[in-house]
Amino acid sequence: MGDPAGISPELAAKLIASDEFREGAHLVIFGDLRILEQGAKVAGVGVDVEVVASEQAVPERALRPVFIDLKNLSPDQVTPATATLEGGLFATENFRRALLLAHSGRADGVFFTPFNKKAMRLAYDGYDDEIRFVRDVLKTPVAASEFNVLGRLWNARVTSHIPLAKVSSAITEQSILRSLTLADQCMRAAGFNPPRIAVAGLNPHAGDGGNFGSEEIEVIEPAVRKALAQGFAVDGPFPSDTVFLRAKNGDFDAVLTMYHDQGQIAMKLMGFDRGVTLIGGFPFPICTPAHGTAYEIAGRGIANLGASREALSLAIRMGSEVRARRAQTEVAENFAAAVNS
């Protein structure tokens, strides 16, 4: 469960009540049962869950969604439509516990209803974004990135939460190739084989042959050539003001953009209420709706479930791949052990 002051509680309740997810996955929810019940009341749904007190009490196969009641937030501590320390502590603790459950191998993916970044910063010193938090919790420096997903169209990025003034110097052949590799891996886990990736330029009109900047000629195009030589289905660089039109029309499965808003604006304009954010690069998928906490409609029971449904569906689909790979590894290890014995 995410930020309690916005629409997260009602979104969580709607998802838990949905037959689609009760039948398609084994859900384990972290939070406070009182907050969930408030969300269910706002959403006008019933939540039939098996309540346990800790991860250790989670059964291997439950007939109902399992709710781990951390008793970590009293409803009278929630100030509606307001980012608070208490709300940030609630969200960060739920997220941390979910990440550790997946890291232990007892879960195959993680989904969270929207966080409020101000509240998260109040609760976690040095909080930059979810990637930084995940790295800290899992104690890993692994390369990771956010992806925006809209149905079958993906947006990957070379740089993310940095000032625009620092973008150009952060774009190198190495950083582009690293981003393409991660995008290819994540998209294959989601069923693309191979994913067709378009690379956007940095400058207006992709530099217009060097008239508006040289990054395309000196950095981006050489990186694309190297990626092609390595077997990636990649093309570009293309002007960023038209490449999404081609991708939307089916020419590509993904667009790799050079900076955060270059892709975010396009994706959110095409489908704000359906967009998904995937944090890729960790051993399991981490998904959330691309929209925020929507404080302006909190408590009104009108939150659109579309993006949350898409995000949880993606986490389940990619989590199934994680489970399959884990099973294959276990079979191989057992076979090797039997041979060696």
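Reader: What makes you say that both faces of strand S11 are covered?

Author: In this predicted model, Ile-286 and Thr-288 lie on one side of strand S11 (residues 286–289), Cys-287 and Pro-289 lie on the other, and all four are buried. Because buried means under 20% relative accessible area, residues on either side of the strand fall below that limit, and both faces count as covered.

Reader: Which strands pair with S11, and how do you know that they count as partners?

Author: S4 runs parallel to S11 and is joined to it by two bridges, with Cys-287 as the bridge partner of Phe-111. Strand S10 (residues 276–280) pairs with S11 in the antiparallel sense over four bridges, and Val-276 stands opposite Pro-289 there. Since pairing requires at least two bridges, S4 meets the requirement with two, and S10 meets it with four. S10 and S11 also form a hairpin with five residues between them, where Gly-281 in the turn has a positive phi of about 120°.

Reader: What is the order of the strands in the sheet, and why are S4 and S8 placed at its edges?

Author: Eight strands form an open sheet in the order S4-S11-S10-S5-S6-S9-S7-S8, and the pairing is mixed. S4 and strand S8 (233–238) each have a single partner strand, so one side of each is left without a neighbour in the sheet, and that places them at the edges. Further along the sheet, strand S7 (residues 196–200) and strand S9 (residues 254–257) pair in the parallel sense over three bridges, with Ile-197 opposite Ala-254.

Reader: How many aromatic pairs are there, and why is the one between Phe-95 and Phe-112 called tilted?

Author: A search of the whole structure finds nine aromatic pairs. In the pair of Phe-95 and Phe-112, the centres are 4.9 Å apart and the planes meet at 55°. The distance is within the 6.5 Å limit for a pair, and the angle is neither under 30 degrees, as stacking would need, nor over 60, as edge-to-face would need, so the pair is tilted. This pair links distant parts of the chain, 17 residues apart, with Phe-95 in helix H4 (residues 85–103) and Phe-112 in the loop between strand S4 (110–111) and helix H5 (117–123). Both phenylalanines, Phe-95 and Phe-112, are buried.

Reader: Why, then, is the pair of Tyr-124 and Phe-133 called edge-to-face?

Author: The ring centres of Tyr-124 and Phe-133 lie 5.0 Å apart and their planes stand at 75°; that angle is over 60, so the pair is edge-to-face. As for exposure, Tyr-124 has 24% relative accessibility and therefore counts as partly exposed, whereas Phe-133, at 2%, is buried. Tyr-124 and Phe-133 belong to one aromatic cluster, together with Phe-95, Phe-112, Phe-115 and Tyr-127.

Reader: What makes you say that a charge sits over the ring of Phe-192 or of Phe-238?

Author: The charged end of Arg-152 is 4.1 Å from the ring centre of Phe-192, and that of Arg-246 is 5.0 Å from the ring centre of Phe-238. Because the limit is within 6 Å, the distance part of the test is met for Arg-152 and for Arg-246.

Reader: Which residues have the most contacts inside the largest nonpolar core, and which elements supply it?

Author: That core has 37 residues, and Trp-154, Ile-176 and Leu-314 have the most contacts inside it. Strand S5 (145–150), strand S6 (153–157), helix H8 (173–189), S7, helix H9 (215–229), S9, S10 and helix H12 (306–340) each supply at least two of its residues, and H8 gives the most, with eight. Leaving aside neighbours within four places in sequence, Leu-314 is in contact with Val-149, Trp-154, Ala-190, Val-276, Leu-278 and Cys-287. A second, separate core has 29 residues, including Phe-30, Ala-62, Ile-68 and Ile-286.

Reader: Why is Arg-96 called partly exposed?

Author: Arg-96, which lies in helix H4, has a relative accessible area of 31%; this is neither under 20% nor over 50%, so Arg-96 is partly exposed. Beyond neighbours within four places in sequence, Arg-96 is in contact with Phe-133 and Val-137.

Reader: How do you know that the radius of gyration agrees with that of a compact globule?

Author: For 341 residues, a compact globule would have a radius of gyration near 20 Å, and the protein has 21 Å, which agrees. Buried residues make up 52% of the 341 residues.

How values were computed. Residues numbered from 1 in each chain as written. Predicted model: local features only at pLDDT ≥ 70, side-chain atom pairs only at ≥ 80, totals over all residues. Heavy atoms only, no water. Phe/Tyr/Trp six-rings, centres within 6.5 Å; stacked < 30°, edge-to-face > 60°. Buried < 20%, exposed > 50% of the residue type's maximum accessible area, 1.4 Å probe, protein only. Lys NZ or Arg CZ within 6 Å of the ring centre and 35° of its normal. Core = buried A, V, L, I, M, F, W, Y, C linked by side-chain atoms within 4.5 Å. Contact = heavy atoms within 4.5 Å. Rg over C-alpha atoms; globule rule 2.2 N^0.38 Å.
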